Amino acid sequence: MRSKIVAGNWKMNKNLQETIHLVEDIASKLGETHAEVMVAPTFVNLSAAVSALESSMIEVVAQNMHFAANGAYTGEISAGMLKAIGIKTVIIGHSERRAYFGETDELLSKKVKAALESDLRVVFCFGEELADRQSGNHFNVVAGQLKNALFTLTAADWKNIVLAYEPVWAIGTGETASPEQAQEMHAFIRHTVVEGFNQEVADAVTILYGGSVKPGNAAEIFAKPDVDGGLIGGASLKTDDFLAIINAI
Ligand code: PEP
């Protein structure tokens, strides 16, 4: 059976003290769940979050990494550096990285390979912009993003890939894809993975939905057969909302 995952992407929010407070608050109130729960604080707070969550089942994950192992890349962080502080999973390809930091499919492909070579699990984000959906080109765009960044991997590599479909028009906008739109795209994504690899790989890959998931809409979206959980932005910064979303799985 595919893993169910709820991951909170905290982006550039919460300082050190706020991060420790939030992770401790979430951990102390989290009840039993069959979902894997992840939080992604900003780089400088990863170590503190790892320590604070030592005896919790909540995993601390990184929001980004560089593809090189080390070298003259001022301001960047490598997979090895993440691993050295206990990080096992990294988010790659978030639409904000693509839009504000010029990350292309080609660059993302290098990052994914570097992460996998370092035995990091990858949460790979992708999704169409509003104009793509309005012009009916959304399936082509999504298939292209997948193929360009992930289709030179081996079938074995896919054991460490989690997909996060995040339509850009739904991120931080309050606009959510309907459960039907999410299911339609997730089924298409799974089918695209069958074509590129095989049914076994496609059946095993966890596909998260992201884009304005809130306590009020999570259950309906998560109930769809090809939606295996969520990547949550804004709502993951509030304990009660994040826990309600986790409990909706
Ligand atoms: C995200 O940033 O990945 C995201 C889904 O944000 P939000 O939930 O705030 O739309």
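**Exercise 1. Contacts of the ligand**

Task: Starting from Ser212, describe how the protein holds polar atoms against the ligand oxygens.

Solution.
Step 1. A backbone N or O atom of Ser212 sits 2.7 Å from an oxygen atom of the ligand. This is a predicted model.
Step 2. Taken alone, the ligand exposes 300 Å², and the protein buries 98% of that area.
Step 3. Turn to Gly172. One of its polar backbone atoms is 2.7 Å from an oxygen atom of the ligand.
Step 4. Lys11 uses its side chain: a polar atom there lies 2.6 Å from a ligand oxygen.
Step 5. Widen the view to the shell. The ligand is surrounded by 14 residues, and the closest are Lys11, His94, Glu166, Gly172 and Ser212.
Step 6. Sort the shell by class. It has 4 nonpolar, 8 polar and 2 charged residues.

**Exercise 2. The setting of Ser212**

Task: Locate Ser212 in the fold, then decide whether it is buried or exposed.

Solution.
Step 1. Place the residue. Ser212 belongs to the loop that runs between strand 7 (207-210) and helix 10 (215-222).
Step 2. Check its backbone. Phi is near 55°, a positive value, and Ser212 is not a glycine.
Step 3. Judge its accessibility. The relative accessible area of Ser212 is 8%. Buried means under 20%, so Ser212 is buried.
Step 4. Follow the side chain. A polar atom of the Ser212 side chain lies 2.7 Å from the backbone oxygen of Ala170.
Step 5. List the neighbours, leaving out residues up to four places away in sequence. Ser212 touches Ala170, Gly172, Thr173, Gly174, Glu175, Thr176 and Asn217.
Step 6. Link back to the ligand. Gly172, a neighbour of Ser212, also places a polar backbone atom 2.7 Å from a ligand oxygen.

**Exercise 3. A second positive phi**

Task: Give the phi of Lys14, its place in the fold and its accessibility class.

Solution.
Step 1. Read phi. Lys14 has a positive value of about 80°, although it is not a glycine.
Step 2. Place the residue. Lys14 lies in the loop between strand 1 (5-9) and helix 1 (16-29).
Step 3. Classify it. With a relative accessible area of 31%, Lys14 is partly exposed.

**Exercise 4. Two buried residues, Ala149 and Ser78**

Task: For Ala149 and then Ser78, find the structural element, the accessibility and the contacts.

Solution.
Step 1. Ala149 lies in helix 7, which covers residues 138-150.
Step 2. Ala149 has 1% relative accessibility, so it counts as buried.
Step 3. Set aside neighbours within four places in sequence. Ala149 is then in contact with Asp105, Ser109 and Phe124.
Step 4. Compare sequence with space. Ala149 and Thr104 are 45 residues apart in sequence, and their C-alpha atoms are 9.0 Å apart.
Step 5. Move to Ser78. It is found in the loop between strand 3 (59-60) and helix 3 (79-84).
Step 6. Ser78 has 3% relative accessibility, so it too counts as buried.
Step 7. Not counting residues up to four places away in sequence, Ser78 touches His66, Ala68 and Ala69.
Step 8. One of these neighbours offers a backbone partner. The backbone oxygen of Ala69 is 3.2 Å from a polar side-chain atom of Ser78.
Step 9. Take a second C-alpha pair. Ser78 and Val112 are 34 residues apart along the chain and separated by 12 Å.

**Exercise 5. A side-chain pair**

Task: Which residue forms a polar contact with the side chain of Arg97 through its own side chain?

Solution.
Step 1. Arg97 is found in helix 4, residues 95-100.
Step 2. Beyond residues up to four places away in sequence, Arg97 touches Asn64, Gly102 and Glu103.
Step 3. The partner is Glu103: a polar contact of 3.0 Å joins the two side chains.

**Exercise 6. The whole chain**

Task: Characterise the protein chain by its elements, dimensions, burial and contacts.

Solution.
Step 1. Count the elements. The chain has 11 helices and 8 strands.
Step 2. Test compactness. The radius of gyration is 17 Å, close to the 18 Å that the globule rule gives for 249 residues, so the chain is as compact as a globular protein of that length.
Step 3. Take the dimensions. Along its principal axes, the C-alpha trace spans about 45 × 45 × 35 Å.
Step 4. Assess burial. Of the 249 residues, 50% are buried.
Step 5. Assess the surface. About 11000 Å² is exposed, and carbon and sulfur atoms supply 51% of it.
Step 6. Weigh the contacts. Among those with a separation of 6 or more, 71% join residues 24 or more positions apart.

Methods:
Residues numbered from 1 in each chain as written. Predicted model: local features only at pLDDT ≥ 70, side-chain atom pairs only at ≥ 80, totals over all residues. Heavy atoms only, no water. Near = heavy atom within 4 Å. Polar contact = N/O pair within 3.5 Å; in protein donor to acceptor, adjacent residues only side chain to side chain. Areas by Shrake-Rupley, 256 points an atom, 1.4 Å probe, with all protein chains shown as cover. Nonpolar A, V, L, I, M, F, W, Y, C, P; charged D, E, K, R; others polar. Helix = DSSP H or I, 4+ residues; strand = E, 2+ residues; numbered from the N terminus. Rg over C-alpha atoms; globule rule 2.2 N^0.38 Å. Buried < 20%, exposed > 50% of the residue type's maximum accessible area, 1.4 Å probe, protein only. Contact = heavy atoms within 4.5 Å.
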